Amino acid sequence: VLFHVQNMIDAWAANRLTLSRQLRTTFTMPSGDTTIQVGTGLAVNIVRPMEINTINYVIPGSSPGIEVPIGMMDEDAFAALSIKELSSALPIQSFYQTNMDGVSGTLQLWPEVSQDVTIVIYTPQAVGVPTSLDTDLVGPPGYQDAFMYGLAERLITPLGVAVDAVPMLSAMASRAWTNMTRPNIRPG
């Protein structure tokens, strides 16, 4: 059962609609660096996010701190930068990519900062994956039904029963999924 719960919640973490909260993290990008590692126990010590919603720098010397947005590039935009080693006092663009190890990501700022700069990232956060059967599954309103019916769908198939054979279960699981993800939908 624990294995199925862990796999279900891990799969949910890859779906933007299941990420109901946002974490604000600050760190210092050292002078002369362009790259920093993000992940548990790394330079930016948080659970590796699948993506970064927003990235800002704090204007040096401002009090209270004033956050200024940094542009976010995709793979193609980053690859198209012809001078990657350009230097400047403050960053204007960023590129974030998750690493294949599954536990870290790499954040690159451009241009290279010529002074220590405080960076603020806002990252979507998933529900924690339980480590034992005694772990309480906690989430915002609507998540408890999604946990229960989602797990029921995962457990019924190994028992030799097709999910379609229990139409009420599919309907309840679908309704629970909708209730869980509805608050996370961002209108275009």
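**Exercises on a predicted model**

In this predicted model, four strands make up an open sheet of mixed pairing, ordered β2-β8-β7-β5. Its edge strands, each paired on one side only, are β2 (35–38) and β5 (71–72).

**Exercise 1.** Determine how β2 and β8 run relative to each other, parallel or antiparallel, and find the bridge partner of Gln 37 in β8.

Solution. Step 1: strands of a sheet pair through backbone hydrogen bonds, in either a parallel or an antiparallel way. Step 2: β2 and β8 run antiparallel and are joined by four bridges. Step 3: Gln 37 has Thr 106 of β8 as its bridge partner.

**Exercise 2.** Check the span of helix α3 (residues 143–156) against the value expected at 1.5 Å a residue.

Solution. Step 1: α3 has 14 residues. Step 2: the expected span is 1.5 Å times one less than the number of residues, so α3 should span 20 Å. Step 3: the end C-alpha atoms of α3 are 20 Å apart, in agreement with the expected span.

**Exercise 3.** List the buried residues of α3 and state which elements they pack against.

Solution. Step 1: take buried as under 20% relative accessible area. Step 2: the buried residues in α3 are Tyr 143, Ala 146, Phe 147, Tyr 149, Gly 150, Leu 151 and Ile 156. Step 3: these buried residues pack against α1 (2–12) and α4 (167–181).

**Exercise 4.** Locate the cis peptide bonds that lead into Pro 64 and Pro 111.

Solution. Step 1: most peptide bonds are trans. Step 2: Ser 63 and Pro 64 are joined by a cis bond with omega about 0°, and Pro 64 sits in the loop between β3 (54–58) and β4 (67–69). Step 3: the bond from Trp 110 to Pro 111 is cis, omega being near -5°, and Pro 111 is in the loop between β8 (105–110) and β9 (112–113).

Conventions
Residues numbered from 1 in each chain as written. Predicted model: local features only at pLDDT ≥ 70, side-chain atom pairs only at ≥ 80, totals over all residues. Heavy atoms only, no water. Helix = DSSP H or I, 4+ residues; strand = E, 2+ residues; numbered from the N terminus. Buried < 20%, exposed > 50% of the residue type's maximum accessible area, 1.4 Å probe, protein only. Contact = heavy atoms within 4.5 Å. Pairing = 2+ DSSP bridges.
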